[in-house]
Amino acid sequence: MPAGGPGGGTVPPGPLTWGPNRLPVPVAAAWSAETLELAPALTIHPHGTGLAYRAERPGDRDRHGVLWLRCRDTPGQGRPQFRAMHPARQRAAMLNRLCQVCAGPASRTSRGWLFLVQHTETREQPADWPDGVLCTKPPICLPCAALALRHCPHLTEPVAIRSRKPRVWGVFGGHYLPTTDNRLTQVPDDAYLSYGSPTAPWFVAQQLVVELQRCTVIDLVAELAAA
Ligand SMILES: [Zn+2]
């Protein structure tokens, strides 16, 4: 994973673990010390055309011009937040097809890259499921998939999918709208936003969303046994 720079998170020095049982902590997971910087920094663009940071830095926007949530990058400090992903590390893992746990190359076979998708977390299912599933969890390598099945308390009903064509679709995050007194108010619901959406200037991204295309549901246990 590239260190620093736009879209890149810091690579932890070797696999991080947590607690007396030394649970592996995915590199894409956020830590409690990685606080968000948003409310004081966010403002309305001087031209009124959308959101902006008061002092924008390189890397605040992605190549589509969408603003990203700023977040400290200090993996290993505080407690791991297994349910939350760090915006920059999630994006870097997704873009570079790196394993979300160890940051090594994700598993890829002739049937595609390996993703573990939770049945319950996908929004409305496309008609030809799993083709077209929108996914925010970066891919994974086989050894880490085995670890995740054993240790990850939040992974219920995982479906192992191989996708020959994971396509960058957009972002997950939230909209902010100007009030009549020129302040900003957050729209309560988190949202998926496709790149090119007309509301993108009023959106702050937290995670990159990939659409899994040309998918095969696989028997992960059988693949692990054969590996
Ligand atoms: Zn891995």
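Helices (H or I, at least four residues) and strands (E, at least two) are DSSP runs, numbered from the N terminus. With that in hand, let's get to know this model. It is a predicted one: local features need pLDDT of at least 70, side-chain atom pairs count only at pLDDT 80 or more, and totals for chains, interfaces and linings use all residues. Residues are numbered from 1 along each chain as its sequence is written.

**Exercise 1. Get an overview of the protein and of its confidence.**

Step 1. Start with the elements: the protein has 3 helices and 16 strands.

Step 2. Next, burial. A residue counts as buried if 20 or more other C-beta atoms lie within 10 Å of its own, exposed if 12 or fewer, and partly exposed in between, with C-beta atoms placed from the backbone. Of the 227 residues in the protein, 33% are buried.

Step 3. Now contacts, meaning pairs of residues whose C-beta atoms, placed from the backbone, lie within 7 Å. Take those between residues at least 6 apart in sequence: 75% of them join residues at least 24 apart.

Step 4. Last, pLDDT, which is the predictor's confidence in each residue, from 0 to 100. Its mean over the protein is 86, and 86% of the residues reach 70 or more. Confidence is lowest in strand E4 (residues 36-37), at a mean of 64, and highest in strand E10 (residues 108-109), at 98. Over residues 1-8 the pLDDT is below 50, and this stretch has 25 contacts in the model beyond near neighbours in sequence.

**Exercise 2. Work out which strands pair with E16, and where Pro-166 and Val-209 fit in.**

Step 1. Know the rule: two strands pair if DSSP finds at least two bridges between them.

Step 2. Go through the partners. E13 and E16 run antiparallel and are joined by 13 bridges. Strand E12 (residues 133-135) is also antiparallel to E16, with 3 bridges, and Cys-135 has Val-210 as its bridge partner there. E7 runs parallel to E16, with 2 bridges; Trp-68 stands opposite Ala-205 in E16.

Step 3. Look at Pro-166, which is found in strand E13 (residues 158-178) and stands opposite Leu-212 in E16. Pro-166 is buried because it has 23 other C-beta atoms within 10 Å. Not counting residues up to four places away in sequence, Pro-166 touches Trp-113, Val-210 and Leu-212.

Step 4. Move across to Val-209, in strand E16 (residues 203-217). Val-209 has 20 other C-beta atoms within 10 Å, so it is buried. Leaving out residues up to four places away in sequence, its contacts include Leu-134, Trp-169 and Tyr-192. Val-209 and Arg-91 are 118 residues apart along the chain, yet their C-alpha atoms are separated by 8.7 Å.

**Exercise 3. Describe how helix H1 is covered and what its buried residues pack against.**

Step 1. Count: in H1 (residues 87-96), 8 of the 10 residues are buried, so to speak "mostly covered".

Step 2. Name some of them: the buried ones include Pro-87, Arg-91 and Met-94.

Step 3. Find the neighbours. The buried residues of H1 pack against strand E7 (67-68), strand E8 (70-71), strand E9 (80-85) and E16.

Step 4. See what follows: after H1 comes Arg-97, whose phi is positive, near 55°.

**Exercise 4. Find the largest nonpolar core and say what builds it.**

Step 1. A nonpolar core is a set of buried Ala, Val, Leu, Ile, Met, Phe, Trp, Tyr and Cys residues joined through C-beta atoms within 7 Å. The largest one has 49 residues, and Cys-99, Phe-115 and Ile-140 have the most contacts inside it.

Step 2. Among the elements that give two or more residues to this core are H1, helix H2 (142-151) and E13. The largest share, 8 residues, comes from E16.

**Exercise 5. Examine three backbone details.**

Step 1. Trp-129 and Pro-130 are joined by a cis peptide bond, with omega about 5°. Pro-130 sits in the loop between E11 and E12.

Step 2. Ala-103 has a positive phi, near 70°, in a residue other than glycine. Ala-103 is in the loop between H1 and E10, and it is buried because 23 other C-beta atoms lie within 10 Å.

Step 3. Arg-214 lies in strand E16, with a positive phi near 50°. Arg-214 has 13 other C-beta atoms within 10 Å, so it is partly exposed.

How values were computed
Contact = placed C-beta atoms within 7 Å.
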